[in-house]
Amino acid sequence: MIDTVILTIPLSDFKITNSSQFTPSAEILFRPASFGAKAFVKCTHNPTKEDYLNGIYKPRLTLTKRAIKGGFNITLKIEFSASKLLFLENVSELTSEDFNRVAETLQKRLYEMGIEISKTNLVIAQTSTIHYSKNIKLPPFVTSSMVLKELAKIDMTKRLDLDKTLFKNQGNALTFYAKSYAIVIYDKVKDVQQKTGVKIDTDNTLAQQSIFEKNKPASEILRIEIRLNLHSKILSTMKIIGEPVDRNFIHLFSSRVAQKVIRYYWGIMTQGINQIVFSSDNKMDVNAREIYKSNPRISAQKLFAVLAYTYFIKQHGARQLRQFIEYHYSIRTWARINKDLKNASYKESPMSQ
């Protein structure tokens, strides 16, 4: 439930052991006249294509030297996906118990990239960005697009003080965002499989693509991400959910905190809307499966038509449905519908009781 993390660490808490691994070389940070017109200088070290091909996930590193009153300061920004650091994919969800493995693996990767830092300093590092996520395996006959269309109807900008709403990738992704945070909901499987266009998961490793190709999920996966992008938003969110106002890495890397953050925003988002598409054990899902088992050759269009007719009959009775159909269409239309209902017999059908 913890995915992307950005840690910001002062020079006093780490050591640069190989300046040449950065672009430009990190030696520039310690030269007297290194500042440009913007009063800061930046050195980066990003994963290579060879790393991806070899199944090695590394964080993105940025060393920054900024001019401040009376001198300058140097900080290290570490950006990574905690799940990909361990598993090369982010469908597997991490819990609090995974923290030690994440910290130890991160410490090892940093050393390989020319940065030496103690595990203690990683544990207490200040978090400037964190993304909490949840992968929801949708039940049969419920698609990600169905859920996204329902959520798109909500005026989220008013509910959560957000700036804009974006519907992306042919309806497979929905983003609500402001400067300090964003809520992103998308079809995880389609995003991984997408070859062209704008991906939601821009850090989509080759290993993750391979995993999905070999083991395609049996059902669609709807992914929700709560992206807290500024330290001020992290602190205000902790206060709202009743957690200590703390940005230490170990505190925020918590299953309890992740659940509370996701439930808080999800609760506001879904308040008052039709919940049928979000339930994995709803009656419609059960009935659809029963109809399909009895009639495996039934078309999707006819299956959902039968479901609609059935629920109308349960609410208003077969006589009212027949009168409506015969009045607005014809007797022959009703005869066809009645035949479909009888052919698609299953234990919940009101026509078979």
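Tutor: Before we start on the strands of this predicted model, one term: two strands count as paired if DSSP finds at least two bridges between them.

Student: OK, so how do S1 and S5 pair, and over how many bridges?

Tutor: Strand S1, which covers residues 2-10, and strand S5, which covers residues 71-81, run antiparallel to each other and are joined over seven bridges. As one example from that pairing, Val5 has Phe80 of S5 as its bridge partner.

Student: And which way does S4 pair with S5?

Tutor: That pairing is also described as antiparallel, with S4 spanning residues 60-68 and nine bridges linking it to S5. Within it, Leu63 stands opposite Leu76 of S5. The two strands form a hairpin with two residues between them, and in that hairpin Gly70 adopts a positive phi near 85°.

Student: Where does Gly114 sit, and what's its phi?

Tutor: Gly114 comes just after H3, and its phi is positive at about 90°.

Student: What span does H3 have, compared with the one expected?

Tutor: Helix H3 takes in residues 99-112, 14 residues in all, and the distance from its first C-alpha to its last is 20 Å, close to the 20 Å expected at 1.5 Å a residue.

Student: Which residues of H3 are buried?

Tutor: The buried set consists of Phe99, Val102, Ala103, Thr105, Leu106, Arg109 and Leu110, where the cut-off for buried is under 20% relative accessible area.

Student: Switching topic: why does Ile262 count as buried?

Tutor: Ile262 counts as buried because its relative accessibility is 8%, and the residue belongs to helix H11, residues 255-270.

Student: What is Ile262 in contact with, apart from its sequence neighbours?

Tutor: Once the neighbours within four places in sequence are set aside, Ile262 has contacts with Met1, Tyr132, Ser133, Lys134 and Ile226. Separately, the C-alpha of Ile262 lies 9.8 Å from that of Ile183, although the two residues are 79 residues apart along the chain.

Student: How many cavities of 30 Å³ or more are there?

Tutor: The count is one cavity of 30 Å³ or more, and the largest cavity holds about 30 Å³ of space.

Student: Which residues line the largest cavity?

Tutor: The lining is made up of Met1, Ile2, Asp3, Ser83, Asn90, Ser92, Glu93, Leu94, Ser133 and Arg223. Two of these names came up earlier, since Met1 and Ser133 are among the contacts of Ile262.

Student: How does that lining divide into nonpolar, polar and charged?

Tutor: Three of the residues lining the largest cavity are nonpolar, four are polar and three are charged.

Notes
Residues are numbered from 1 along each chain as its sequence is written. This is a predicted model: local features need pLDDT of at least 70, side-chain atom pairs count only at pLDDT 80 or more; totals for chains, interfaces and linings use all residues. Side-chain values use heavy atoms; hydrogens and water are left out. On a 1 Å grid over the protein atoms alone, a cavity is a set of points where a 1.4 Å probe fits but cannot get out, and a pocket is an open set with protein on both sides within 12 Å along at least five of seven lines; lining residues have an atom within 4 Å of a point. Grid points are joined across faces, edges and corners, and a volume is the space filled by probe spheres set on the points. Ala, Val, Leu, Ile, Met, Phe, Trp, Tyr, Cys and Pro count as nonpolar, Asp, Glu, Lys and Arg as charged, and the others, Gly among them, as polar. Helices (H or I, at least four residues) and strands (E, at least two) are DSSP runs, numbered from the N terminus. The expected span of a helix is 1.5 Å times one less than its number of residues. Buried means under 20% relative accessible area, exposed over 50%, partly exposed in between (1.4 Å probe, protein chains only). Contact means heavy atoms within 4.5 Å.
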